[in-house]
Amino acid sequence: MSALEIIQIPVFDDNYVYLLHEPIANKTAVVDPALSEPVLEVLKEKGWTLDFIINTHHHFDHVGGNLELKEATGCTIVGSDKDVERIPGIDVEVKDGDTFTLGEQTAQVFDVPGHTRAHIAYWFEDSDALFCGDTLFSMGCGRLFEGSPQEMWSSLQKLSQLPDQTKVYCAHEYTASNGKFALSIDASNTALIARMAEVEKLRAKNLPTVPSLLGVEKQTNPFLRANDASLAQAVGLSGESADKVFAEIRTRKDNA
Ligand code: ZN
Ligand code: FE
């Protein structure tokens with residue numbers, strides 16, 4: 001079993017599109033193609049044929065290239081069964097607990113609502129790769145456009161159950177500003193301080209900070225730590241539920 005080859009394609013100001021290639025069966029998928037041209041370019045360069053688009057949610061910066069890519073390659077589009085009307089060109093509907101197969105590699109599908117009501121994530125266990133769209137970011141999480149804090153907190157809890165060595169392939173390079181906010185409420189967290197130093201170095205060279213390791217996120221991401229007593233205390237909610245602490249942290253970030 002050889003792992004997926006994963007190519008990170010930066011588009012727009014801060015989006016990442018991921019091209020996944022499974023070498024044994026020679027199958028290729030793209031996660032959240034915001035645009036078609038950069039994806040077609042890499043496919044051509046690599047000599048790969050696009051078999052699938054897998055979408056995490058319906059926002060334009062994730063599905064903008066769907067129809068052009070389908071037209072150009074005849075690929076199959078996979079998305080949430082709860083968002084059929086908003087995922088352009090959807091062919092295959094998936095739901096929580098389903099799997100998506102790319103040659104020899106299989107992803108588990110999780111419902112992770114909060115950013116949107118039908119957001120999903122794909123976990124390729126054998127490649128230690130999680131594609132979580134705009135649900136979990138490095139040191140942050142997505143804005144709550146269509147979900148409650150409680151929903152987002154339980155979605156993030158689901159993802160934080162995955163192994164520490166899981167690489168978090170999120171859809172945006174928001175890490176530096178997320179980290180700045182995280183430090184504003186969690187200033188004495190040594191793991192966070194160390195991660196920020198690393199992030200600043202990478203960004204100074206214009207290098208991606210994504211993917212990050214889930215184990216590091218568990219130690220540094222305030223949105224995964226709403227059940228930690230020190231975070232509750234930091235936002236003045238000692239003894240309150242993780243839901244409440246999470247909601248407060250999200251509100252503070254929205255207003256930061
Ligand atoms: Zn989004
Ligand atoms: Fe996005």
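Which element gives the largest share of the lining of the largest cavity? Keep that one in mind; the tour gets there after a look at the whole chain.

**Whole chain**

Start with everything shown as a cartoon. This is a predicted model, and its secondary structure comes to 9 helices and 14 strands. The radius of gyration is 18 Å, close to the 18 Å that the globule rule gives for 256 residues, so the chain is as compact as a globular protein of that length. If you orient the view along the principal axes, the C-alpha trace spans about 55 × 40 × 35 Å.

**Stop one: the sheet that holds β1 to β6**

Select β1 through β6. You get an open sheet of 6 strands in the order β1-β2-β3-β4-β5-β6, and the pairing is mixed. Colour β1 (5–11) and β6 (92–94) to mark the edges: each has a single partner strand, so one side of each is left without a neighbour in the sheet. Going from one strand to the next, the twist averages 25°.

Now zoom in on β3 (residues 27–31) and β4 (residues 52–54), which run parallel and share 3 bridges. Show Ala29 as sticks and you'll find Phe52 of β4 standing opposite. Next, add helix α1 (residues 37–46), which packs on this sheet and touches β1, β2 and β3. The direction of α1 makes about 145° with that of β1.

While you're here, click on Asn26, in the loop between β2 and β3. Asn26 has a positive phi of about 60°, even though it is not a glycine.

**Stop two: the sheet that ends in β14**

Switch the selection to β7, β8, β9, β10, β13 and β14. That is another open sheet of 6 strands, ordered β7-β8-β9-β10-β13-β14, again with mixed pairing. Here β7 (99–102) and β14 (212–213) stand at the edges with a single partner strand each, so one side of each lacks a neighbour in the sheet. β13 and β14 pair in the antiparallel sense over 2 bridges; to see one pair, select Lys167 and its bridge partner in β14, Leu213.

Bring in helix α4 (residues 149–160) as well. α4 packs on the sheet, in contact with β8 (105–111), β9 (120–124) and β10, and its direction makes about 155° with that of β8.

Then follow the chain to the loop between α6 (190–204) and β14, where Pro211 is found. The peptide bond joining Val210 and Pro211 is cis, with omega at about 5°.

**Stop three: the cavity**

Time to go inside. The count comes to 1 cavity of 30 Å³ or more, and the volume of the largest cavity is about 40 Å³. Select Tyr16, Tyr18, Val31, Asp32, Thr56, Phe131, Cys132, Gly133, Tyr169, Cys170 and Ala171 to show the lining. The elements giving two or more residues to it are β2 (15–22), β10 (129–133) and β13 (167–170). And there's the reply to the opening question: β10, with 3 residues, supplies the largest share. By class, the lining has 8 nonpolar, 2 polar and 1 charged residues.

**Last stop: the pocket**

What lies nearest the centre of the largest pocket? Select His115, Phe137, Gly142, Arg143 and Tyr174: of the 14 residues that line the pocket, these are the ones. The space in there is about 190 Å³. Colour the lining by class and you'll get 4 nonpolar, 5 polar and 5 charged residues.

Note on methods. Residues are numbered from 1 along each chain as its sequence is written. Chains are lettered from A and ligands numbered from 1 in the order in which they are written. This is a predicted model: local features need pLDDT of at least 70, side-chain atom pairs count only at pLDDT 80 or more; totals for chains, interfaces and linings use all residues. Side-chain values use heavy atoms; hydrogens and water are left out. On a 1 Å grid over the protein atoms alone, a cavity is a set of points where a 1.4 Å probe fits but cannot get out, and a pocket is an open set with protein on both sides within 12 Å along at least five of seven lines; lining residues have an atom within 4 Å of a point. Grid points are joined across faces, edges and corners, and a volume is the space filled by probe spheres set on the points. Helices (H or I, at least four residues) and strands (E, at least two) are DSSP runs, numbered from the N terminus. Ala, Val, Leu, Ile, Met, Phe, Trp, Tyr, Cys and Pro count as nonpolar, Asp, Glu, Lys and Arg as charged, and the others, Gly among them, as polar. Two strands pair if DSSP finds at least two bridges between them. Contact means heavy atoms within 4.5 Å. Axes are lines fitted to C-alpha atoms, for helices over the stretch in contact, and angles run from 0 to 180 degrees between N-to-C directions. The radius of gyration is taken over C-alpha atoms; the globule rule is 2.2 Å times the number of residues to the power 0.38.
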